[in-house]
Protein chains: 4
Amino acid sequence: MKKKFTEKQIHILDIAEELIAKKGYEGTSVRDICSKANINVAMISYYFGSKEKMMSYLYQYRVLKTRENFSEFADTIKEGKPEMQMKEIIKYIVAQLFKYNYFHGFVTQELRHTENLKDELMDFYQLFVKKLDEVIKKGVTSGVFTFTPKPEDILTTIIGSTLFVIRNRNFYELYVPSKSEETYFKEAEKKVRMNLLMSVFAILGYAAD
Amino acid sequence: MKKKFTEKQIHILDIAEELIAKKGYEGTSVRDICSKANINVAMISYYFGSKEKMMSYLYQYRVLKTRENFSEFADTIKEGKPEMQMKEIIKYIVAQLFKYNYFHGFVTQELRHTENLKDELMDFYQLFVKKLDEVIKKGVTSGVFTFTPKPEDILTTIIGSTLFVIRNRNFYELYVPSKSEETYFKEAEKKVRMNLLMSVFAILGYAAD
Amino acid sequence: MKKKFTEKQIHILDIAEELIAKKGYEGTSVRDICSKANINVAMISYYFGSKEKMMSYLYQYRVLKTRENFSEFADTIKEGKPEMQMKEIIKYIVAQLFKYNYFHGFVTQELRHTENLKDELMDFYQLFVKKLDEVIKKGVTSGVFTFTPKPEDILTTIIGSTLFVIRNRNFYELYVPSKSEETYFKEAEKKVRMNLLMSVFAILGYAAD
Amino acid sequence: MKKKFTEKQIHILDIAEELIAKKGYEGTSVRDICSKANINVAMISYYFGSKEKMMSYLYQYRVLKTRENFSEFADTIKEGKPEMQMKEIIKYIVAQLFKYNYFHGFVTQELRHTENLKDELMDFYQLFVKKLDEVIKKGVTSGVFTFTPKPEDILTTIIGSTLFVIRNRNFYELYVPSKSEETYFKEAEKKVRMNLLMSVFAILGYAAD
DNA sequence: AATGAATGAGCGTTCATTCAT
DNA sequence: CATGAATGAACGCTCATTCAT
């Protein structure tokens, strides 16, 4: 992998990501970002060309890191039983979304500014689809799964449900025991993961015993 | 229902909703809205007091209409077998989200501006939860459902999956036959509905035959 | 005198005068005036043609009334000794300025909008100059006054000093016993009147004995 | 004196002062000021934070300079006969008001926007009162003045008369020989100064010979 | 390589006024 | 005769960006 960004640039991107996820692209001014990053207002144009281009770089940067992360993960589950692999995939996706909800929070919201970059995310999603497909087929072949649902639908359910929980805390926190800022996300993650495991294995017709 | 808004106001709100859903609240200027609505730039302040207040009214307006719509729907399925009711609920929610995806697109995105109004949406979501709970319990009692998954998790799956499909057209259209602007949404709706029916009934342990 | 204005118009002018004196011409919106007068926003344009024309009418209206008032006053002092006449004139001018300080407050401030109307005020001031001139000459002739200061300078001193006191309450109230809103103006009026009597009679070389 | 303002800021303040004195605070738009100062419309917010804050700075700036100027002046008349000192004070105040009539023109008009800053002007006026008090007392002690009029009343007469002349040119120019724009102020200044000298010395009971 | 001063465009809002009724 | 809905212009201000250094 080429080292595309300097440390300073990464510093700016990190802060920009956080602010944009919180307040939206238009709701975040370059002054906000620069002031929080303790740099000159001109730096964003200087480093990235423009605010909009910065958005592209930010996007690329996050996809890049996420992709790296995924291929590391994929290695760790290479040799396992399909049901274990499926469980790990679900756990992994949910955990990633919770961890980088800043990013995933704005990916679909603010992508109007980086229309052409959506493909990269699509490519990435298809890595998941491909992996899910492998696991499903393997499970069916080995008899542990009964049905062959479409992998893109499985992925849709996993990501959609998780993002919904992250973005609608006001709703979901009514159903988790604790409501404190710190513990909500942990408990919500657990609850949605359990839900998804149940759902997905049900769809797969997993014969538990 | 009290006639809260005049026709002209509704006209403005409709256009505002569309634009805000597409480009975000800050990304949509009052000039954008007024120019598309063929009215004077002063009209938004004139009718609603301010852009921000317009946002509140827009939100109230949509929640109001959605709530009305839902209670009409709820009546139509009052007397039915649980499995039919469940099927209708899923179909209804998916259809509503597709129909008003403009609104649902910005509800969670732009609600930072109308923080106190989130409760209204939460109240509304709980109508669904309550209804789902009824249906699940009735189905279990009558023996048609085997398991008793949490209704909030069912709702999460339904709304989350559907919104994901709506918002990630670039991804999902790879898996539907047609890609034209007009047909995509129809086919995507059908596909996600089928997926959800399968998932939900699987989780419920529905004994089909 | 022709009845130029209807009661409604006078009602509007009274309120406009008060607000404009307090907050300035540009600082007072037609909405402010109309809302305080409980009339429609369109009425000022309807009755007077425009805000600026209303200003002219307001000006004319006040000069008219002041002029009437002055000729009544002039009658009451027609037959008196010069020193009594002078005393009464000073008392009258000071009292009028205090009473109509709303008006006099904006006459010089806001007259940029009614440039051509200044002449009317100038005409009016010259009534005073003429009267003062008469009194001075009579007093000198009768030997009660020693010097013949210019009447326009006497007037300048009287009006200038009085307006200064009215407009610089923060300064002058340091030197009057009471500071309450109600009593300040009464006491300030008395103090400035005493000062002016002393000054003017000193300039006239009035032999009190 | 601390260098509080840059040259550019002072340039803006000078133009703002002139325009505001002429057309009032609300009557002067930031666009007016910037266009006359040949700068961008954003500069006033950029340099001063807002139009209103600019007004405060403008006020501080002028009071500061006036105060400095006065203390220089006070030094030059320290050692003199009371009648000479009084003459110089009158001459000084009149000259200052004519020179900075722009400023004095709006101080009392537009101070509603800077209510809390009035105190600074009041403090300043009291420097005059104190000085006048000294001179009067010294003159009475040395026998050159007969009466002891209140110094605040002397000041009121001086400032009030002068400002009246400045603000009512239409009236006063009827009594000065020349009416041209350039010469009016010079001649009016002379006339009002002579008037005030006569008045004040008369009140003091000055034994000329 | 990096800055801070300065810019022009555009923001949401308020203004005095007009117009259809 | 009077209204209230509606308008276009202008308001003060903030924006992302540029430019001279």
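Which atom of DNA strand F lies 2.9 Å from a polar side-chain atom of N40(B)? It is a base nitrogen. Keep that contact in mind as we walk through this predicted model.

Start with one protein chain. Chain A has 10 helices and zero strands. Read along the sequence, its pattern is simply α-α-α-α-α-α-α-α-α-α. The chain has 209 residues, and 53% of them count as buried. Now look at the contacts in chain A between residues 6 or more positions apart. Of these, 67% join residues that are 24 or more positions apart.

Two stretches of chain A carry labels in UniProt. An unreviewed entry there lists residues 6–66 of chain A as "domain: HTH tetR-type". In the model, residues 6–66 of chain A are 75% helix and 0% strand. The C-alpha atoms at the two ends of this stretch are 18 Å apart. The other label is "DNA-binding region", which UniProt gives, again in an unreviewed entry, to residues 29–48 of chain A. Residues 29–48 of chain A are 65% helix and 0% strand. Here the end C-alpha atoms are 15 Å apart.

Next, turn to the DNA. Begin with strand F. There are 32 residues around DNA strand F. The ones that come nearest are K51(A), K8(B), Y47(B), R31(D) and K51(D). Which parts of strand F account for 56% of its atoms within 4 Å of the protein? Sugar and phosphate do. By class, the residues of this surface divide into 15 nonpolar, 10 polar and seven charged.

Some contacts to strand F can be followed atom by atom. R31(A) places a polar side-chain atom 2.9 Å from a base nitrogen of DNA strand F. N40(B) also has a polar side-chain atom 2.9 Å from a base nitrogen of this strand. With Y47(C), the partner on strand F is a phosphate oxygen. That oxygen is 3.3 Å from an N or O atom in the Y47(C) side chain. Which elements give two or more residues to the surface near strand F? They are α2 (30–36) of chain A, α3 (43–48) of chain B, α3 (43–48) of chain C and α2 (30–36) of chain D.

Now move to DNA strand E. It is surrounded by 32 residues. The closest are R31(B), K51(B), K51(C), K8(D) and Y47(D). Of the strand E atoms within 4 Å of the protein, 56% belong to sugar or phosphate, and the rest belong to bases. The surface near strand E has 14 nonpolar, 10 polar and eight charged residues.

Here too, single contacts can be picked out. A base nitrogen of strand E is 2.9 Å from an N or O atom in the side chain of N40(A). R31(C) has a polar side-chain atom 2.8 Å from a base nitrogen of strand E. S29(B) has an N or O atom in its side chain that is 3.2 Å from a phosphate oxygen of strand E. Four elements each supply at least two residues of this surface: α3 (43–48) of chain A, α2 (30–36) of chain B, α2 (30–36) of chain C and α3 (43–48) of chain D.

Look next at S29(D). This residue lies in the loop between α1 (7–23) and α2 of chain D. Is S29(D) buried or partly exposed? It counts as partly exposed, because its relative accessibility is 30%. S29(D) and G205(D) are 176 residues apart in sequence. In space, their C-alpha atoms are 50 Å apart.

Finally, see how chains C and D fit together. Chain C superposes on chain D after a rotation of 179 degrees with 0.1 Å of shift along the axis, with an RMSD of 0.4 Å. The two copies are therefore related as by a two-fold rotation axis. In chain C, the C-alpha nearest the axis belongs to G160(C), 2.1 Å from it. Of the interface residues of chain C, 97% are also interface residues in chain D, so the copies meet through the same surface.

One residue shows this meeting in detail. D153(C) is found in helix α8 (residues 151–167) of chain C. Its relative accessible area is 7%, so D153(C) is buried. D153(C) touches Y172(D), K191(D) and N195(D), leaving aside residues up to four places away in sequence. With K191(D), there is a polar contact from side chain to side chain, at 3.1 Å.

Conventions:
Residues are numbered from 1 along each chain as its sequence is written. Chains are lettered from A and ligands numbered from 1 in the order in which they are written. This is a predicted model: local features need pLDDT of at least 70, side-chain atom pairs count only at pLDDT 80 or more; totals for chains, interfaces and linings use all residues. Side-chain values use heavy atoms; hydrogens and water are left out. Buried means under 20% relative accessible area, exposed over 50%, partly exposed in between (1.4 Å probe, protein chains only). A polar contact is a pair of N or O atoms within 3.5 Å; within protein, one must be able to donate a hydrogen and the other to accept it, and residues adjacent in sequence count only if both atoms are side-chain atoms. Contact means heavy atoms within 4.5 Å. A residue is near a molecule or strand if one of its heavy atoms lies within 4 Å of it. Ala, Val, Leu, Ile, Met, Phe, Trp, Tyr, Cys and Pro count as nonpolar, Asp, Glu, Lys and Arg as charged, and the others, Gly among them, as polar. UniProt positions are given in the numbering used here, feature names are shortened, and annotations may be inferred rather than shown by experiment. Copies are superposed by least squares on the C-alpha atoms of residues with pLDDT of at least 70 in both.
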